[in-house]
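Good morning, everyone. Let me put the structure up, and then we can walk through it together.

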Amino acid sequence: MRPSQMLASVGFLVGLLGMTAAAAAEEPIDFNRDIRPILSDNCFACHGPNMKDREAELRLDVEQDAFAQRDELPAITPGDLTKSAVWLRITSDDEDERMPPKKCGERLSRAYILRL
Ligand code: HEC
């Protein structure tokens, strides 16, 4: 895994979990500040602003869409990982489910799952 990706992964997971001492002690997690940049690096190629390349009609660049109810689960349910499709997808052991897809290369770091 490239260092930049590793950092992004950790930031992403910490962001979703909101569990670093700093984050907990200071301010609440903010989608645009804390989560969006990491989704941007790893997910926007297929779930971003570009309609032509968008997969699964899912966009993660806009908070309203990322939090919206979908057929199964919202992509992100703030504060509840078990109801966040994004979380389930990035941590899935099933290669057909896991995001980003295998063809994109590295999966995100699992280091922070233990914090669940
Ligand atoms: C190379 C393109 C690509 C990238 C990059 C990508 N995805 Fe996906 N994503 C897809 C495709 C194709 C589907 C639909 C097929 C499926 O459900 O597996 C999908 C489906 C999903 C779904 C299910 C949507 C639903 O409600 O049906 C979620 C959640 C998701 N992706 C999250 C992510 C996250 C989070 C990232 C970044 C960590 C990411 N994806 C990166 C292509 C991509």
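Let me start with a question: is K102 buried or exposed? K102 is exposed, because its relative accessible area is 56%. Please keep in mind that this is a predicted model.

K102 has a partner. Its side chain meets that of E95 in a salt bridge, at 3.8 Å from N to O. E95 counts as partly exposed, at 43% relative accessibility. There is a third member too. Salt bridges with shared partners join E95, R98 and K102 into one network.

Why do such pairs form? Side chains of opposite charge can pair when their charged atoms come close.

Now the overall picture. The protein has 116 residues, and 33% of them count as buried. Its secondary structure is five helices and zero strands. Along the sequence, that reads α-α-α-α-α. The exposed area is about 7,300 Å², with 52% of it supplied by carbon and sulfur atoms. What about contacts? Take those in the protein with a separation of 6 or more: residues 24 or more positions apart account for 36% of them.

Next, the metal site. Which residues coordinate the iron atom of the ligand? They are H47, through NE2, and M99, through SD, at 1.9 to 2.3 Å. H47 lies in helix 3 and M99 in the segment after helix 5, so this pair ties together parts that are 52 residues apart in sequence.

What is the geometry at the iron atom of the ligand? The site is octahedral, with six donor atoms and angles of 85 to 179 degrees among them. For six octahedral donors, the ideal angles are 90 or 180 degrees.

Look at the two protein partners in turn. H47 counts as buried, because its relative accessibility is 9%. M99 is partly exposed, with a relative accessible area of 25%.

Stay at M99 for a moment. The peptide bond from M99 to P100 is cis, with omega near -10 degrees. P100 sits in the segment after helix 5, which spans 85-90.

Let us move to the loop between helix 3 (31-47) and helix 4 (63-66), where we find A56. Its phi is near 60 degrees, a positive value in a residue other than glycine. Is A56 buried or exposed? At 56% relative accessibility, A56 is exposed.

E57 is found in the loop between helix 3 and helix 4 as well. E57 is not a glycine, yet its phi is positive, at about 50 degrees. E57 counts as exposed, with 74% relative accessibility.

Back to charged pairs. How many salt bridges does the structure hold? The count is seven. You have met K102 with E95. Here are two others.

One of them joins D61 and R59, whose closest N and O atoms are 2.6 Å apart. D61 counts as buried, at 6% relative accessibility. R59 counts as partly exposed, at 23%. The cut-off matters here: buried means under 20%, so R59 falls outside that class.

Another pairs D34 with R33, at 2.7 Å from N to O. R33 is partly exposed, with 41% relative accessibility.

To wrap up, three things to take away. This is a protein of five helices and zero strands. H47 and M99 coordinate the iron atom of the ligand. And E95, R98 and K102 form one salt-bridge network. Thank you.

Methods. Residues are numbered from 1 along each chain as its sequence is written. This is a predicted model: local features need pLDDT of at least 70, side-chain atom pairs count only at pLDDT 80 or more; totals for chains, interfaces and linings use all residues. Side-chain values use heavy atoms; hydrogens and water are left out. Helices (H or I, at least four residues) and strands (E, at least two) are DSSP runs, numbered from the N terminus. Buried means under 20% relative accessible area, exposed over 50%, partly exposed in between (1.4 Å probe, protein chains only). Donors are N, O and S atoms within 2.8 Å of the metal (3.2 Å for Na, K and Ca); water is not among the atoms, so sites may look incomplete. Four donors count as tetrahedral if all angles lie between 85 and 135 degrees; four count as square planar and six as octahedral if opposite donors are over 155 degrees apart and all others between 65 and 115; anything else is irregular. Contact means heavy atoms within 4.5 Å. Accessible areas come from the Shrake-Rupley method with a 1.4 Å probe; for residues, only the protein chains shown count as cover. A salt bridge is a side-chain nitrogen of Lys or Arg within 4 Å of a carboxyl oxygen of Asp or Glu.
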